[in-house]
Amino acid sequence: MLSRLDRRVFRRVAVARPTVGQRLLPALSSAANHSVLWYATAGGMAALGGRTGRRAALRGTAALVLASVTANTVIKYVARRQRPLIDAVPAARRLSRAPLTSSFPSGHAAAAAAFATGVAMESGKHGAAVAPVAAAVAASRVYVGVHYPSDVVAGCVLGAGAALATGQWWPRRPPPEWLVHHRAPAPALPEGEGLVVVVNDSAGPGAAEEDEERLREVLPRAEVVRCGPGDDLAAVLDAAASLAAERGGALGVSGGDGTVNAAAQRAAGRGLPLAVFPGGTLNHFALDTGIESFEDTAAAVQEGDAIAVDLGRIRPADGSGGPSYHFLNTFSVGLYPELVRMRDTLRSRIGKWPSTAVALARLLRSARPLQLELNGRPHRLWLLFVGNGLYSPEGFAPAHRTHLDDGLLDVRTVTADKPLARTRLVLSALTGTLPRSRVYSAARVPRLHLSGLGEDATLSYDGEASAAPRALWLDKRNGGVTVYRPARFAEDLRPATGRSGG
């Protein structure tokens, strides 16, 4: 019955004479050969669509590759369905070269649906622009006579499924309305009056100059201070914080997560609100607050909208009296810093999850487990990760937080004591099942004691590295820093919880 319905619909399409599709649909069908149309679209989005466009292009491309490989190298080989007879299809519509592979499913439809769905998962605006073109490409395969309608429908289902599957390894960042933040008092600074902003040149002189110009446009009364390649960032931030305190204003910063962390420590120490402008490469902290642009922060500064954010704290516990550190995002010891460095080198080419799996496999070949004690109990670990607040998803590739003042540390470990621990770790990473693996464990605690660290141990926090003491405490200053963040929705900024700092 389905075959008869397939042939009946195919014949009706063959004898149809739509005026609009006569030239457009065959041209689109040819443009989508080898996914050239979608790769070009992804390139345009990445170049012109900003951060959101780049994420949409990357997810769409990843979904497209997954769908194409599944359709063209697996399902077509198994199905082996013959192509439809094209006697009834007008010669003007036919392709110059008829495909010889199996008709089921439509690879063009799978790629189109995968790309459009992947893009829409990251950006509704970009998805709405791509979806009609994807639908036209899918329909064109019946129109030019190379597929039955069921081939196209199956391809679309496969493509959409491939896009949704990317969320298993690369979770979507939650929309701003899902973030749970608590309001904190902060002064409203019209046009940035009283705000002192430090722009770090680490991203490159050209980028720093552009950031400085944008700041002067959105907040003309703010004082902008450049930290050049030869300047001491700590000294520049100290001077900026002192000036902001004298003016009764706020400290601002434009740079990556390491720069933001350094500014947060100065702001917390002087009781100043912090204005974060996403001028770095990754801007994990800014995205977790819901800040996507300079305009977002500028609006919050002028309205006095701010939230409370916990500040992670690292304190020596071996009596050495060494320095203490703070972190806004993450802390780690041992192999994790190297894993992140290697992953970030690969992620622009193959995406976050595949780059993490490849980096992990490479690292585990030559690395040695880390010996230490957690709260007095000995452990032999491959990985130790501590987040300032609960990160999602579970596993060793945390991506985002919805709470920034929950008072908890997100502790994740991968043990080296289980049989075939390395093999099990890599396999669970490849299948996206690490949270259910017996080599993985997670805990949420208000404080953590680390001891028994070797003399050559290093610690990493928010992209910065330092020699680790033999023992240390990790805890938090609850609500330790106030950060400007716009309230986009009526219930977006909840009242303060009344907790005092740790």
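Where in the structure is the place of asparagine 375? In this predicted model, asparagine 375 sits in the loop that runs between strand 9 (370-374) and strand 10 (377-388). Its phi is near 50°, a positive value in a residue other than glycine. As a rule, most residues other than glycine have a negative phi, and most peptide bonds are trans. Asparagine 375 counts as partly exposed because its relative accessibility is 48%. This loop residue makes a handy entry point, and the overall picture comes next.

The protein contains 15 helices and 17 strands. Of its 502 residues, 51% are buried. Its accessible surface comes to about 22700 Å², and carbon and sulfur atoms account for 56% of that area. Among contacts with a separation of 6 or more, 75% join residues 24 or more positions apart.

A walk along the chain can begin at the N terminus. There, Met1, Leu2, Leu5 and Val9 form a nonpolar patch on the surface, and together they have about 440 Å² of accessible area. Leucine 2, one of these residues, lies in helix 1 (residues 2-15). With a relative accessibility of 65%, leucine 2 counts as exposed, since the cut-off for that class is over 50%. A different setting is found at serine 35, in the loop between helix 2 (21-31) and helix 3 (36-48). Serine 35 has a relative accessible area of 8% and is therefore buried. Leaving aside neighbours within four places in sequence, serine 35 is in contact with Leu64, Ser68 and Ala111.

Helix 4 (residues 50-79) includes isoleucine 75. At a relative accessible area of 26%, isoleucine 75 is partly exposed. Its contacts, apart from neighbours within four places in sequence, are Thr70, Phe104, Pro105 and Leu158. One of these partners, phenylalanine 104, is 29 residues away along the chain, yet the C-alpha atoms of isoleucine 75 and phenylalanine 104 are separated by 7.6 Å. Phenylalanine 104 also takes part in a cis peptide bond, the one leading to proline 105, with omega near -10°. Proline 105 itself belongs to the loop between helix 4 and helix 5 (107-122).

Further along, glutamate 191 occupies the loop between strand 1 (181-182) and strand 2 (195-200). Its phi is near 55°, again a positive value in a residue other than glycine. Glutamate 191 counts as partly exposed because its relative accessibility is 35%.

How does the length of helix 10 (residues 257-270) agree with what its residue count suggests? At 1.5 Å a residue, its 14 residues should span 20 Å, and the end C-alpha atoms are indeed 20 Å apart, which agrees. Helix 10 is largely enclosed by the rest of the structure, because 11 of its 14 residues are buried. These buried residues are Asp257, Gly258, Thr259, Val260, Asn261, Ala262, Ala263, Ala264, Arg266, Ala267 and Ala268. After the helix comes glycine 271, whose phi is positive, near 70°.

Helix 11 (residues 284-289) contains threonine 289. Is threonine 289 buried or exposed? It counts as buried, because its relative accessibility is 0%. Not counting residues up to four places away in sequence, threonine 289 touches Leu179, His181, Ile307, Leu404 and Arg485. In helix 12 (residues 294-303), the buried residues are Phe294, Asp296, Thr297, Ala298, Ala300 and Val301. Just after helix 12, glycine 304 takes a positive phi of about 75°.

The last stop on this walk is a pair of strands. Strand 14 (residues 458-461) and strand 15 (residues 464-467) pair in the antiparallel sense, over four bridges. Within this pairing, leucine 459 stands opposite serine 466 in strand 15. The hairpin that strand 14 and strand 15 form has two residues between the strands, and aspartate 462 there takes a positive phi near 50°.

Methods. Residues numbered from 1 in each chain as written. Predicted model: local features only at pLDDT ≥ 70, side-chain atom pairs only at ≥ 80, totals over all residues. Heavy atoms only, no water. Expected span 1.5 Å × (residues − 1). Buried < 20%, exposed > 50% of the residue type's maximum accessible area, 1.4 Å probe, protein only. Pairing = 2+ DSSP bridges. Patch = residues over 30% accessible without salt bridge, like charges linked within 9 Å, V, L, I, M, F, W, Y side chains within 5 Å. Areas by Shrake-Rupley, 256 points an atom, 1.4 Å probe, with all protein chains shown as cover. Salt bridge = Lys/Arg side-chain N within 4 Å of Asp/Glu carboxyl O. Contact = heavy atoms within 4.5 Å.
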